[in-house]
Amino acid sequence: MCGQKTEAKKETKETKAEPQYIRIPKGCVNVIVDTTKISYVDPKGQITIIRGYRIDDLGKHASFEEAAYLVLFGRLPCEDELKEFSKKLNSERWLPVKVIDALKQIPPFAHPMFYGSYGLLLLGMYDPDEGDLSIDKLYDRAIRIIAKLPLLFINGWHLSRYGRLIEPDRSLNHAKDVLRMIRGGNMPTDTEARAFESSLVLYMDHGFNASTFTTRVIASTLSDMYSAIAGAIGALKGPLHGGANQKAIEMLLEIGSPENVRWYVEEKLKRHEKIMGFGHRVYKLHDPRTDVLREWLEKLAETSGEAKKFLDMINELEKTMWELKRIPSNIDLYTGALYYLLKIPKEFYTPIFAIGRVVGWTAHYIEQVSNNKIIRPKEDYDGPRGLTYKPLEERCKR
Ligand code: CMC
């Protein structure tokens with residue numbers, strides 16, 4: 001009886017030690033890893049949803065503040081809630097002197113994405129509550145990060161390059177002031193500000209993309225929000241993710257005119273190179289965010305020959321890529337062109353993606369820590385086995 005019991009116990013332990021592993025495809029292609037209430041990316045590109053609303057509906061109509069409230073708190077705000085939220089966001093649009101001093105030390109040739117992650121880690125160091133995961137503190141921290149991240153990018157850029165501090169103007173809304181500061185104080189028109197704001201809303205959240213997933217992995221260790229967002233900025237910087245909008249404008253400028261498109265694409269494809277601003281892991285037919293941005297480009301094209309030329313190039317690129325590869329354009333092709341028309345330095349395009357997406361990152365951080373399980377997959381080891389350690393003098397004998 002006793003022996004039998006020991007046998008049974010041993011069996012349970014062994015079974016526990018050797019679970020049935022599930023192998024998922026490389027790159028997590030077509031894998032669902034968890035549930036979220038924040039957003040849904042529709043593979044057909046027709047009904048991509050943020051908190052129940054279509055992303056194109058929000059991109060067309062919502063202000064940055066309204067959409068940020070929705071992403072964070074799960075519903076559109078009432079008038080007094082919006083006022084209160086906007087006030088809070090505005091009041092956080094400043095940087096501590098010690099962070100400004102640190103930004104003065106960074107090299108002017110560095111990519112501005114570094115200023116964001118570096119600056120966030122500094123802000124984390126000065127936050128005595130950084131490890132406090134109570135819900136009110138989490139929301140306060142999220143609003144602080146959303147408000148301050150643009151200033152880190154902008155002042156990292158202006159201080160390191162021109163020794164100039166750009167002061168916020170808290171009488172303006174978030175999007176207009178951010179665009180004004182990026183342009184070194186040059187006030188945008190209402191149309192420019194609204195087009196820019198629309199792009200921030202369209203960038204705000206988008207399922208379990210690489211940078212959001214990075215946020216969730218870091219959050220799942222119960223690390224602090226600053227570290228999680230700094231990690232997400234690192235993931236976004238890559239040209240396969242957020243870095244694509246800068247690459248897209250470089251490509252459009254290189255192509256130069258619609259007549260060069262076909263030749264350019266054919267040459268690139270012959271060399272097995274990617275066309276930036278095309279392709280997506282989920283959208284294989286259409287990226288609905290491009291519809292809203294197309295409307296903005298069309299509006300700008302009414303008065304700008306340059307906007308008209310970009311639109312013609314985009315049309316030709318889309319036609320050619322569909323014909324040759326059956327691959328649709330994505331948001332970064334359009335924001336690449338839009339930000340150029342808004343007279344924004346190209347190194348800023350990916351930071352702008354982060355200035356929008358940070359809202360989603362903070363919401364996903366909160367969702368993850370509120371119902372947490374550490375994200376820790378298993379490896380499939382494919383390296384050597386059975387080697388034994390040899391002292392240095394016995395190794396590498398020739
Ligand atoms: N240009 C040329 N060929 C492409 C492109 C492209 N932009 N995108 C995909 N392909 C080809 C790819 O070479 C592959 O062909 P084959 O089967 O013959 O080897 C096939 O299409 C499948 O592509 P994939 O790279 O396996 O697809 P993925 O889901 O792993 O990658 C992607 C998605 C976005 C990384 C990829 O489409 C890409 O590198 N695009 C260019 C960069 C870009 O615009 N990124 C922004 C994405 S949208 C904003 C965001 O969320 O970051």
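Buried residues make up 48% of the 398 residues in the protein; buried means under 20% relative accessible area, with a 1.4 Å probe and protein chains only. The model is predicted: local features need pLDDT of at least 70 and side-chain atom pairs pLDDT 80 or more, while totals for chains, interfaces and linings use all residues. Residues are numbered from 1 along each chain as its sequence is written, and side-chain values use heavy atoms, without hydrogens and water.

The protein has 17 helices and three strands. Both are DSSP runs: helices are H or I with at least four residues, strands E with at least two. The C-alpha trace spans about 90 × 55 × 55 Å along its principal axes.

Now the ligand. The shell around the ligand holds 20 residues, each with a heavy atom within 4 Å. His241, Ile275, Gly277, Phe278 and Arg281 are the closest. The shell divides into nine nonpolar, six polar and five charged residues. Gly counts as polar here, and Asp, Glu, Lys and Arg as charged.

Polar contacts (pairs of N or O atoms within 3.5 Å) tie names to distances:

| Ligand atom | Protein partner | Distance |
|---|---|---|
| nitrogen | Ile275, polar backbone atom | 2.7 Å |
| nitrogen | Phe278, polar backbone atom | 2.8 Å |
| oxygen | Arg281, N or O atom in the side chain | 2.8 Å |

Taken alone, the ligand exposes 920 Å², and the protein buries 69% of that. These areas come from the Shrake-Rupley method with a 1.4 Å probe.

Technical notes
A polar contact is a pair of N or O atoms within 3.5 Å; within protein, one must be able to donate a hydrogen and the other to accept it, and residues adjacent in sequence count only if both atoms are side-chain atoms. Buried means under 20% relative accessible area, exposed over 50%, partly exposed in between (1.4 Å probe, protein chains only).
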